[in-house]
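The following exercises concern aromatic ring pairs and the faces of a helix. Please work through each one with the structure at hand before reading its solution.

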Amino acid sequence: RAHASPLFPPGAVARRVRRPWIRGARIAFLGTFRVAGIRSATAVDTIFGVADEFSNTTKRLVFVSHCGLDTWVAKQIAREIEARGATPFLDEAQVDAGADFEEDILDFLQRAHELVVLLTPWALERPYVWAEIGAAWGRRIPIVALLLGITATELQARPGIPVLLKKRDLLELNDIEIYLAQLEARVEQEG
């Protein structure tokens, strides 16, 4: 719900947002300029870059893209990512009921260090999976494709699959340990 805020100049509108990584934060919309601040931030702190809780984390952020039918498998992948010391984003776990789903996804994609996408025959038909891949590609972050129910040869032969995905190393889900070992090494190197 939008309301006037003493933290921002007259005419600015602040609204409370509910996100696991910005609990109690306020977002100010100053025209097309958006400023995020933590609970007790002053206007000056907010305008000059007080970051939200997620961007202050030292953990590597991994966005896990999947379709709804693959949620259980995606949760297992997220659990393994977390066990390697990174922070996974899984929309099922991190998006509050009734929240602005697309905004939450975009917020995390803007912070993510890499994208893991679970590609199944049915996920290939879901526009959100493709939108998330496109957002990661546009940011030039690593995209790790895990295949389940489809082989790399079948995926690459399928019409309409973008070259950006065809030219990547595609891992069978059974080979996820290869990715997880690399992720763990990146986390240790950054930590």
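Rings of Phe, Tyr and Trp (its six-membered ring) pair if their centres lie within 6.5 Å; planes under 30 degrees apart count as stacked, over 60 as edge-to-face and the rest as tilted. The model is predicted: local features need pLDDT of at least 70, side-chain atom pairs count only at pLDDT 80 or more, and totals for chains, interfaces and linings use all residues. Residues are numbered from 1 along each chain as its sequence is written, and side-chain values use heavy atoms, with hydrogens and water left out.

**Exercise 1. Determine which residues the ring pairs link into a cluster.**

Solution.

Step 1. The ring rule yields three aromatic pairs. Phe-63 and Phe-89 form a stacked pair, because their ring centres are 5.0 Å apart and their planes stand at 25 degrees.

Step 2. Phe-63 belongs to strand β5 (residues 61–65) and Phe-89 to strand β6 (residues 87–89), so this pair ties together parts that are 26 residues apart in sequence. Strands (E, at least two residues) and helices (H or I, at least four) are DSSP runs, numbered from the N terminus.

Step 3. Phe-63 also forms a tilted pair with Phe-108, at 6.2 Å centre to centre and 45 degrees between the planes. Since Phe-108 lies in helix α4 (residues 101–111) and Phe-63 in strand β5, this pair ties together parts 45 residues apart in sequence.

Step 4. Ring pairs thus link Phe-63, Phe-89 and Phe-108 into a cluster.

**Exercise 2. Classify the members of the cluster as buried or exposed.**

Solution.

Step 1. Buried means under 20% relative accessible area, exposed over 50%, and partly exposed in between (1.4 Å probe, protein chains only).

Step 2. Phe-63 has 1% relative accessibility and counts as buried. Phe-89, at 0%, is buried, and Phe-108, at 0%, is buried as well.

**Exercise 3. Describe the span of helix α2 and its buried and exposed residues.**

Solution.

Step 1. Helix α2 (residues 71–83) has 13 residues and reaches 18 Å from its first C-alpha to its last, close to the 18 Å expected at 1.5 Å a residue. The expected span is 1.5 Å times one less than the number of residues.

Step 2. The buried residues of α2 are Thr-71, Ala-74, Ile-77, Ala-78 and Ile-81. They lie on the same side of α2, because they cover an arc of only 115 degrees around the axis, taken from the directions from the helix axis to the C-beta atoms.

Step 3. Exposed Trp-72 and Ala-83 sit on the face of α2 turned away from its buried side.
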